[in-house]
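Student: I've got a model open and would like to talk it through. Could we go from the overall picture down to single residues?

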Amino acid sequence: MNTHKLRKARSLAARHAVLSIWLLICIIPLVTLVLASLKPAGLFMTIPEIFSFSGFSLENYGRAWRQGNFPFFLRNSLIIATASLAVVLVVCTPMAYGITRLGSAKMRNFLVFSILSTRFLPYVVLALPMYLIFRVVGLSGTLFGLVLAHLAMQLPFMVWLMLGFFSGVPIEVEESAIIDGCTPFQTFMLISLPMVLPGLNAAAILAFIISYNEFLFAFFLAGYNAQPLTVGIARFVGGGETAAQYGVIAAYGSMIIIPIVVFALVVNRYIVTGMTQGAVKG
Amino acid sequence: MASQRFFRPWGFILPGIVLGIITLVVPIVMGFRYSLHRIRLYRLSDQVFVGFQNYMRLFDDPLFMMSVRVTFWFTIGCTILAVVFGLAIAAVMSTRGIRGTGAARFYMAFYLVPFVATQVVVGMLGRLYIWEPEYGMINWIIGLLGMDPVGWLISADTALMVTTITNSWRLVPLALLVFYAALATIPDAIVESAEVDGASALTIFFRIKLPMIRFHISFVTLIILTSAFREFDLVYALSGLGPGRSTNVLSMLVYHMGLSTANIGLANAISFIMFGIVAVLAVVYIKAAKLSEMRE
């Protein structure tokens with residue numbers, strides 16, 4: 001009896017050990033970045049030096065904020081991510097709802113198929129022609145153009161995600177709302193949308209994170225004026241005068257990555273919901 | 001789903017369709033058109049129709065063929081690593097005693113970090129602090145174990161492997177999350193009855209649990225496969241072209257052809273070949289899995 005219990009406890013401890021090691025693998029790289037950013041500017045440091053808890057300084061942050069034009073790129077990043085989030089709420093959510101309520105199964109399957117197949121598109125396939133089209137129509141280097149480009153990336157994923165949530169809403173509830181005199185729009189806003197609220201939160205949060213982190217489209221299309229933080233740091237690192245300032249680069253990177261990671265940790269429940277739902281059937 | 005449909009929902013769908021046509025269909029069609037022309041970036045008005053010449057040229061181009069090989073190994077490597085690690089960790093997490101506990105939720109929150117971390121920053125962090133040959137973390141650990149430092153990203157033999165591992169690190173959460181959600185819903189009764197029959201934990205996992213989540217495994221594999229195939233951000237920031245162009249994946253090649261050497265027609269031909277590969281993959285998969293009926 002006792003040996004049995006002991007074996008069980010040992011097994012549980014071993015499993016927790018495995019999971020804890022993976023947890024460390026997930027977060028140690030970011031811890032390294034943050035600790036390195038907090039050291040005085042200067043030469044490269046060895047790992048024990050980075051992890052020694054002494055000699056902290058915010059010097060690098062001040063430099064990164066000033067030299068790398070951080071506030072301007074931050075503003076662009078936030079505008080792009082917020083606009084993407086808004087588009088998801090205003091366009092993708094009604095679209096997903098409409099598709100689940102389509103009468104014709106053929107039409108419904110065609111739309112679901114189109115959405116699913118565009119979801120896997122390599123982004124360069126879109127970004128390169130967009131670069132040319134935007135130059136012709138005068139959208140290159142504009143925030144509006146970049147939001148449009150992000151839409152190409154968000155739309156298939158977000159509609160797919162919301163499809164799963166809406167197909168779980170019983171249609172009988174909507175029918176009785178219609179009988180009671182609601183218009184289809186009222187039914188959507190007052191009955192169906194509140195029932196998928198967790199899904200809606202998940203979609204909005206994921207849309208924001210994906211657009212905030214996005215690099216490729218911005219790199220191709222943003223020029224200087226619409227450049228977000230991701231392109232900002234890439235060009236900052238490439239710039240000659242900053243080439244050797246590893247601490248400043250670490251500070252710049254930390255200022256990009258830490259807010260979004262902390263945000264994700266706070267709302268992790270919704271991200272789990274969204275990612276699970278986005279990858280499997282509803 | 002109820003068979004009765006009581007209103008015409010096109011008003012909800014049309015704005016999305018219009019935007020989808022503008023942002024997806026138009027670029028794809030134009031991209032194909034560009035791929036049939038000879039276009040130079042700095043003289044866009046001067047477009048010469050050349051038919052499939054750009055495509056023909058590619059197959060004689062050693063740079064392109066090398067990039068195809070690099071992309072192939074990168075994609076396969078990322079997929080295998082992400083799916084295997086995701087499955088292994090999900091298997092441990094979904095065991096009795098851990099599944100559904102506060103500890104599991106705690107782990108999961110942090111397991112998301114690689115997925116939500118900004119990829120360009122991850123790439124730089126990898127290059128400057130993790131895989132860096134003199135001061136990097138990996139060589140420091142290797143040094144503790146008494147081994148000689150390795151040139152990771154500066155050696156053509158290891159750069160692709162390192163890039164593959166780093167990108168897999170980012171993709172594991174996707175697999176892990178879905179597999180955990182799927183494994184956690186398998187009823188205890190099924191597992192217990194197998195245990196009574198004397199099946200070992202490994203047998204139960206491979207013979208009973210894996211077949212039950214095969215749908216999740218195949219769909220996640222497709223998502224990870226296509227995601228690794230199109231990767232640009234992380235490769236650009238971590239290794240760039242790589243020593244001897246050893247990490248020059250197709251997305252990078254398109255960028256360099258299109259915007260650096262400014263041969264737009266050729267670059268579009270490459271991106272269209274990528275489109276073709278993904279389209280074939282997705283269609284074969286969707287047909288096989290009858291995914292079009294999944295959302296019923």
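What follows is a short set of questions and answers on this predicted model.

Student: How many helices and strands does chain A have?

Tutor: Reading along the sequence of chain A, you meet α after α in the pattern. The strand count is zero, and the helix count of chain A comes to 14.

Student: What radius of gyration does chain A have, next to a compact globule of 282 residues?
Tutor: Start with the box: the C-alpha atoms of chain A fill roughly 80 × 70 × 30 Å along the principal axes. A compact globule of 282 residues would come out near 19 Å, whereas chain A has 24 Å.

Student: How far apart are the C-alpha centres of domain 1 and domain 2 of chain A?
Tutor: The domain assignment splits chain A into domain 1 (2-59) and domain 2 (68-279). Nine residues of domain 1 of chain A are in contact with 11 residues of domain 2 of chain A, and that side of domain 1 divides into six nonpolar, two polar and one charged. The C-alpha centres of these two domains of chain A lie apart by 32 Å.

Student: Which helix gives the largest share of the side of chain B that touches chain A?
Tutor: Here 84 residues of chain B are in contact with 87 residues of chain A. By class, the chain B side has 64 nonpolar, 15 polar and five charged residues. The largest share, 14 residues, comes from chain B's helix α1 (residues 10-35).

Student: At what angle do the axes of helix α3 and helix α11 of chain B cross?
Tutor: Two packed helices are described by the distance between their axes and the angle between them. In α3(B), residues including B:F74, B:C78 and B:A82 meet residues of α11(B), among them B:I224 and B:L225. That contact has nine nonpolar, four polar and no charged residues, and the crossing is right-handed. The axes of α3 (residues 62-93) and α11 (residues 214-229) of chain B come within 9 Å, and they cross at roughly 140 degrees.

Student: What is the phi of B:R245?
Tutor: Most residues other than glycine have a negative phi. B:R245 sits in the loop between α12 (233-238) and α13 (250-260) of chain B. Its phi is a positive value in a residue other than glycine, near 55 degrees.

Student: And does B:R245 count as buried, exposed or partly exposed, and why?
Tutor: A residue is buried at 20 or more C-beta neighbours within 10 Å and exposed at 12 or fewer. B:R245 has 17 C-beta neighbours inside 10 Å, so B:R245 counts as partly exposed.

Notes: Residues numbered from 1 in each chain as written. Chains lettered and ligands numbered in written order. Predicted model: local features only at pLDDT ≥ 70, side-chain atom pairs only at ≥ 80, totals over all residues. Axes fitted to C-alpha atoms, helices over the stretch in contact; angles between N-to-C directions. Helix = DSSP H or I, 4+ residues; strand = E, 2+ residues; numbered from the N terminus. Left-handed = near helix turned anticlockwise from the far one by under 90°. Contact = placed C-beta atoms within 7 Å. Nonpolar A, V, L, I, M, F, W, Y, C, P; charged D, E, K, R; others polar. Domains from an automatic or database assignment. Rg over C-alpha atoms; globule rule 2.2 N^0.38 Å.
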